[in-house]
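Biologist: I am new to this structure and should be grateful for a guided reading of it. May I put some questions to you once it is on display?

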Amino acid sequence: MRTRFRNMSLQIKLTSISLVANLFVFFINIVLLAGINIMSRRIDTVYQANLQLNELSVSLNQVQDSMTEYLNAKTSDSLENYYRSTQVYSEQAEELSQVVTGRLLDRMEYSIRNMSEAYLNEVAQTIEAKRGRNVEKYRSHYEEATKLYGYISTYIYSLNNEQFKENSENYREMVSAFKTFEQGGNLILIAVIIVNALLILRLTANLISPLKTLAGRADEVGKGNFDLEPLPEMSRDEVGVVTGAFNQMVISIQDYIRQVRESAETERKLKEKELMMEAHLKDAQLKYLQAQINPHFLFNTLNAGAQLAMMEGADRTYEYVQVMAEFFRYNVKKGSKTVTIGEEIELVDNYIYILNVRFSGDILYEKEIDSSLMNVKMPSMILQPIVENCVNHGIRDMMGEGRIKMKVYRQDDKACISIEDNGIGMSQEMIDGLLNGTPIAGTKKESNGIGMDNVIARLKLFVGDDDVIHIESEGEGKGSKFIMYLSTDSRETADV
Amino acid sequence: MTPKNRKYNSIFIGLITLVIVALTIVLVINFIRYSRRFGISNDDTAYDRYYVMITDNSNSSFWQSVYRSALETAESNNDCLEMISDNLSRDYSVYELMEIASISGVDGIIVNADYSEEMTELIDRATANGIQVVTIYNDNSSSERLSYVGMSNYNLGKQYGELILKLAQEKNFTTDTIEVVIFADTKPGDAGQNLMFTAVQETVDAEPDEMRETHPPFDITIYGVDTTNEFSVEESIKTFLLKDRESLPEIVVCLNEMDTIAAYQTVVDYNEVGLVNILGYYDSEVILNGIDRNVIYATISADTEQMGRYSVNALDEYFRYGYTSQYFTSDISVITKDNVAQYMGEDTDEN
């Protein structure tokens, strides 16, 4: 039953709900109307008694009239009338009450019945006497009969009155009962209407509630939440169909999203792979380039040159070649390793020596070193490129004596390395460009090919702090100063 | 709404529907049952015997009181008793009512009779029809009536006589004679009434000599009150009492309730209080008030309860045993200013 109801279409459901409600009201109405009907029929039957009394009265009159007529005219017609009316009257009188009860109407009927007997007797005697032409006798009987007729008439009249009185009384009670019934009926109808409203509310709520949940879900989906449990299908009506379709739609959307996500993932993976391939390629290229320079060959060659110079007694040449071999070996050996400040300073020393030999002692190189900091760790190939930068951009193109000053000192818990030149200096724009790693127009890459941006980036990565290097310049022609701040902790970690 | 709630909800609505249907059915059934009863008196007990009571002035409180008592007795014996004149739309005379009763199949008649031949004939005819007749208050001893219920007229007369003597002693009458007028029915041949007049006369005559000398002599006369129709009584008494003040009687004696009230009202209306002393009959509220206000000197009351009871018992005894006593005498009580209070209390209860 329930499932069958569920499977009906909305239209049929709504129709059947209103049909049930209306049938309920109709049923109650029919019952109430039936009550009223029965009541009004009762009223009819009650007044029936009055009607009967009236008939009795008419019959009595007919008896009296026919008797009088017979006495007057003595026609056979009137005699016939007399017999007929007597018959009718006595039959009607027979129906009156035969017992004396507490009910006045019964007693009066009883009296009328008895009086009627006496009256009919008297009338019969009158007719008899008339037939026997006994004038004296029929006159006295006639008078007696007429007197009785008067009594009976009064009785019937009074009884009628009493009956009417009682009926009126009853009628009043009836009316009040009617009123009570009407009120009761109204109350019941009101109750029925309320229950009907509840019933309709309840049934329509049943219809609407899946629609409401569906609307809520749709709203959520509209807000972009696709991660939803499928809705249960309560019924197989239109709402049920829509719910099913909605569920299907949500599942389809979920599927689609998953597919999109998966394809994005594979694309990302592909790109990553491509990048790695490129990196590997670069790496391979670098290895290839590095492999072209055979350090052993270079060192052996340079060593052979140095030995040759020693044998020829050219000590300065010997030293120069020796330093150069040292310089290149550092490049090859420590290219990508962490080194100590001492090792870096040694490389700078070698570089300056080589330059001074090349440019016949143009560069004045000063050192001011706190030797306790010599073991502080730092990335390799940092100081030499900075010095190279100072030489290339600072003092090469200037007139007069170029000077480079290197200081290593302790400040707070930091090891500071400052490299200062008296060259052409740098504009603030250039400083910012260097520090932010943006290429500066007009700068040429030379020497070991390690640019300043590379140096600064590596320093930052090593220390893990952007504020690792400061560049100061007081303007054009006033030189520039590089200061690096290294954590002294790195020495300890390096020691371990 | 959880499914559980929903279930309870369904049960709740179902229950309410059932209750409403049940209520409707109960209402309709009650209504039908009520309407079935409609028009049928619930009192349909069948009685053993059917008696009627016939009196003139059946609405007077005297006869109502008698009727109430008789009805009570009748009902306790499962007899039906009714005052037939109450139910008829026309006013019939006592004779006509007797005639009606004798042909309407009653078992017994209680009638306030008189000594007329017509009454005798009617009683005899009824008796011939197998209907037993009991006379009450007024007798018709020459008829075939079963019993008489009432006061002893001789005793009644004696009481009035004594009251007249008492009045003569109390009031210092300065007239030549003390005129006493007894209002009597004009119905002919009332032996009871005659007996009473005799008793009055005898009592007055028997007054001791030493007392007789203290007041003027009595002059007792009888005034016939016209009872030909309902209103003639009052007119007749009023006419009698509206004389010039000198010729008014000192004492009037009324032998029934109507006469007493008429005399009382006239004396009050025409400012004759103190001039006429009324000796009344019966103890209705109006009469008791009259005594209380010193307008009526005294009244003599029959025990209406006894009268009613005796009359029905007489009939029942006859039907049960085949015979009964011919006379039932009810008690007499004299009410004066001294003891009126206790009767007034009783009377308000009754009315």
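The exchange below takes up chain B, its sheet, its helices and its contacts.

Modeller: This is a predicted model, in which local features need pLDDT of at least 70 and side-chain atom pairs count only at pLDDT 80 or more, while totals for chains, interfaces and linings use all residues. Residues are numbered from 1 along each chain as its sequence is written, and chains are lettered from A and ligands numbered from 1 in the order in which they are written.

Biologist: How many helices and strands does chain B have?

Modeller: Helices (H or I, at least four residues) and strands (E, at least two) are DSSP runs, numbered from the N terminus. On that basis the secondary structure of chain B comes to 12 helices and 12 strands.

Biologist: Which strands are at the edges of the open sheet of chain B?

Modeller: Two strands pair if DSSP finds at least two bridges between them. The open sheet has 6 strands with parallel pairing, in the order S2-S1-S3-S4-S5-S11 of chain B. S5(B), residues 147-150, pairs with S11(B) over 3 bridges. Pairing on one side only marks the edge strands, S2(B) and S11(B).

Biologist: Which residue stands opposite Ile109(B)?

Modeller: S3(B) and S4(B) pair in the parallel sense over 4 bridges. Within S4(B), the residue opposite Ile109(B) is Val133(B).

Biologist: Is S4(B) largely enclosed or not, and which of its residues point the other way from Gln132(B), Val134(B) and Ile136(B)?

Modeller: A residue is buried if 20 or more other C-beta atoms, placed from the backbone, lie within 10 Å of its own, exposed if 12 or fewer, and partly exposed in between. Because 5 of the 5 residues of S4(B), residues 132-136, are buried, this strand is largely enclosed by the rest of the structure. In a regular strand the side chains alternate between the two faces of the sheet. Gln132(B), Val134(B) and Ile136(B) point one way, and the residues that point the other way are Val133(B) and Thr135(B).

Biologist: Which residues have the most contacts inside the largest nonpolar core?

Modeller: A nonpolar core is a set of buried Ala, Val, Leu, Ile, Met, Phe, Trp, Tyr and Cys residues joined through C-beta atoms within 7 Å. The largest has 122 residues, and those with the most contacts inside it are Ile109(B) and Ile278(B).

Biologist: How are H3(B) and H4(B) placed relative to each other?

Modeller: Axes are lines fitted to C-alpha atoms, for helices over the stretch in contact, and angles run from 0 to 180 degrees between N-to-C directions. H3(B) and H4(B), the latter residues 117-128, pack at about 10° with their axes 9 Å apart. Angles under 35 degrees count as roughly parallel, over 145 as roughly antiparallel, 65 to 115 as roughly perpendicular and the rest as oblique. The two helices H3(B) and H4(B) are therefore roughly parallel.

Biologist: Which element gives the largest share of the side of chain B that touches chain A?

Modeller: Residues are in contact if their C-beta atoms, placed from the backbone, lie within 7 Å; by this rule 33 residues of chain B are in contact with 42 residues of chain A. The elements that give two or more residues to this side of chain B are H1(B), S2(B) and H3(B). The largest share, 14 residues, comes from H1(B).

Biologist: How many residues of that side of chain B are charged?

Modeller: Ala, Val, Leu, Ile, Met, Phe, Trp, Tyr, Cys and Pro count as nonpolar, Asp, Glu, Lys and Arg as charged, and the others, Gly among them, as polar. The side of chain B that touches chain A divides into 18 nonpolar and 11 polar residues, and the charged ones number 4.

Notes
Two residues are in contact if their C-beta atoms, placed from the backbone, lie within 7 Å.
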